[in-house]
Amino acid sequence: MQTPKEGSWTSAGKNSRWMEWNPGFPLSIDAKCHKDLPRDIQFDSEKGVDFVLNYSKAMENLFINRFMHMFQSSWNDFADFEKIFVKISNTISERVMNHWQEDLMFGYQFLNGCNPVLIQRCTELPKKLPVTTEMVECSLERQLSLEQEVQQGNIFIVDFELLDGIDANKTDPCTLQFLAAPICLLYKNLANKIVPIAIQLNQIPGDENPIFLPSDAKYDWLLAKIWVRSSDFHVHQTITHLLRTHLVSEVFGIAMYRQLPAVHPIFKLLVAHVRFTIAINTKAREQLICECGLFDKANATGGGGHVQMVQRAMKDLTYASLCFPEAIKARGMESKEDIPYYFYRDDGLLVWEAIKTFTAEVVDIYYESDQVVEEDPELQDFVNDVYVYGMRGRKSSGFPKSVKSREQLSEYLTVVIFTASAQHAAVNFGQYDWCSWIPNAPPTMRAPPPTAKGVVTIEQIVDTLPDRGRSCWHLGAVWALSQFQENELFLGMYPEEHFIEKPVKEAMARFRKNLEAIVSVIAERNKKKQLPYYYLSPDRIPNSVAI
């Protein structure tokens, strides 16, 4: 692989090489384990990020280690899951436990749960989901046909096509595990709330792939929703979280260390936002997502399925999809009037604008014209490194090979900072809240999706949900992943003082002021909410991907 150049470099800059961890993945750092990394990008203490240690410690803290070896042993009923739950509950997770079976709670999570990036406005009913007005009539509240509801913008869709044909985990010969690739149709009711109205559990319609409806028998409908929640969990963990925050931020970090000397203003701006990212990802490849890693223990996409998913999802990893306002628009979800309870969108736009204002100010201080941007060879090499190695030179990714203006540069820097800070916070720190009640986010399913209606029993559902051992590993994982680092640095905090120039320090102070105003706006709104949304409050957004 290409070696970095000489100059006034950090040790990470001199020693960073790209490596292909799996075919088709964004390239990552050339290091087999954490201790192989250059010293200045390692964690201060490796113990703090030992996943094996942290997950075991989590299970101990949660008082669930007595169940952790009970693989193959089913729970007795839904209430039985409380044995591993109530020891460390919080308001949101407790609310999830009490309301998870309700359609309103199911729909809400697509807007403000830990994977709020999949739902899109349905502009045309897909042929592969042959749903009719008659089927969903009792869910529609406006005396319109389903087609008319679509035309009025009241129908939404989440399609888990990505999971179709992915290999389920076969690492434990004693437990068969299963995946589905559901399509879920949702409806905006007269109260402007989003509720599910039809679920098909696999992609190809047919007699053995019925469309489940709220009017079906209680447990038919419940199991269909559980399959959707499980599918959402898989896409969340592997694509929304791993690929689109962790791996992307690592690409920006490696390119920065390789191509920008430590005295470069863009290095100084970005270094806080890649802090520990290369280290946490290296540790994950060592212990978590490697062959026989912790991910294999409890997840139906372990044992290689997660690798196939990333390879598939690369085609959708575009520059535009990392530009927050564009990503929201592309899914038809931008109207606050039409979709009033989408707090992920509302708060994300506030934070995106604050970051963009700040990066524009910093760019204007150091680059007095577009020409100066174009003629900065180190900056251009940084952008090119991201495109060539991170995005594998894929033209369809829409990643620029070079930046030609101050405006383009400030947007690019906003993408880097927002992905590492706000986007990661939005999809990471809610994992305990939304995934600790196992039936709401099952990491695996132990029976295939139902092929007929009217046969599902509660016993069957409990036997399909994860066993005691897998439930415990899952709970330990989502608890550990939801904790902040000990000395966490939050958005707007730049304690290392890389910049000494007064204009930049003033820009930083304005940035912090803007962020404080956003904290107040969000706190004010949350006062009135039974389910507060706080993942994008800047005082809870760490600067970088480090957990």
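Glu 407 is exposed in this predicted model, its relative accessible area coming to 61%. The residue sits in helix H17, which covers residues 406-428. Glu 407 also has company of its own charge: together with Asp 370, Glu 374 and Glu 375 it makes up a patch of negative charge on the surface.

Helix H17 has another side to its story in Val 416, which belongs to this helix too. With a relative accessible area of 2%, Val 416 falls under the 20% cut-off and is therefore buried. Setting aside neighbours within four places in sequence, Val 416 is in contact with Phe 252 and Leu 270. Val 274 comes into the picture as well: 142 residues separate it from Val 416 along the chain, yet the two C-alpha atoms are 9.1 Å apart.

That pairing of remote positions fits the wider picture of the fold. Among contacts in the protein with a separation of 6 or more, 76% are between residues 24 or more positions apart. The protein is built with 21 helices and seven strands, and 61% of its 547 residues count as buried. As for the outside, about 21,300 Å² is exposed, and carbon and sulfur atoms supply 52% of that area.

Another long step along the chain shows up at His 99. This residue lies in helix H3, which runs over residues 91-99, and it is partly exposed, with a relative accessible area of 23%. Its C-alpha atom is separated by 9.8 Å from that of Asn 440, although the two positions lie 341 residues apart in chain terms.

Charged pairs come next. Side chains of opposite charge can pair when their charged atoms come close. Searching the whole structure turns up 20 salt bridges. One of them joins the side chains of Asp 103 and Lys 225, with an N to O distance of 2.6 Å. This pair ties together distant parts of the chain, 122 residues apart: Asp 103 is in helix H4 (residues 103-112), while Lys 225 is in helix H7 (residues 218-259). The two partners differ in how they are covered, since Asp 103 counts as partly exposed at 21% relative accessibility, whereas Lys 225 counts as buried at 4%.

Helix H7 also holds a more local pair. Arg 229 forms a salt bridge with Asp 232, and their closest N and O atoms are 3.4 Å apart. These residues are three apart in helix H7, so about one helical turn separates them. Both Arg 229 and Asp 232 are buried.

A similar spacing recurs in helix H21, residues 502-527, where Glu 524 and Lys 527 are three residues apart and therefore about one helical turn from each other. Their side chains meet in a salt bridge of 3.0 Å, N to O. Here the setting is nearer the outside of the protein in accessibility terms: Glu 524 is partly exposed at 39% relative accessibility, and Lys 527 is exposed at 65%. Salt bridges can also share partners, as they do for Lys 128, Asp 159 and Glu 161, which are joined into one network.

Key: Residues are numbered from 1 along each chain as its sequence is written. This is a predicted model: local features need pLDDT of at least 70, side-chain atom pairs count only at pLDDT 80 or more; totals for chains, interfaces and linings use all residues. Side-chain values use heavy atoms; hydrogens and water are left out. Patches are made of residues with over 30% relative accessible area and no salt bridge: like charges are joined within 9 Å, nonpolar side chains (Val, Leu, Ile, Met, Phe, Trp, Tyr) within 5 Å. Accessible areas come from the Shrake-Rupley method with a 1.4 Å probe; for residues, only the protein chains shown count as cover. A salt bridge is a side-chain nitrogen of Lys or Arg within 4 Å of a carboxyl oxygen of Asp or Glu. Lys and Arg count as positive and Asp and Glu as negative; His and the chain ends are not counted. The place of a charge is taken as NZ of Lys, CZ of Arg, CG of Asp or CD of Glu. Helices (H or I, at least four residues) and strands (E, at least two) are DSSP runs, numbered from the N terminus. Buried means under 20% relative accessible area, exposed over 50%, partly exposed in between (1.4 Å probe, protein chains only). Contact means heavy atoms within 4.5 Å.
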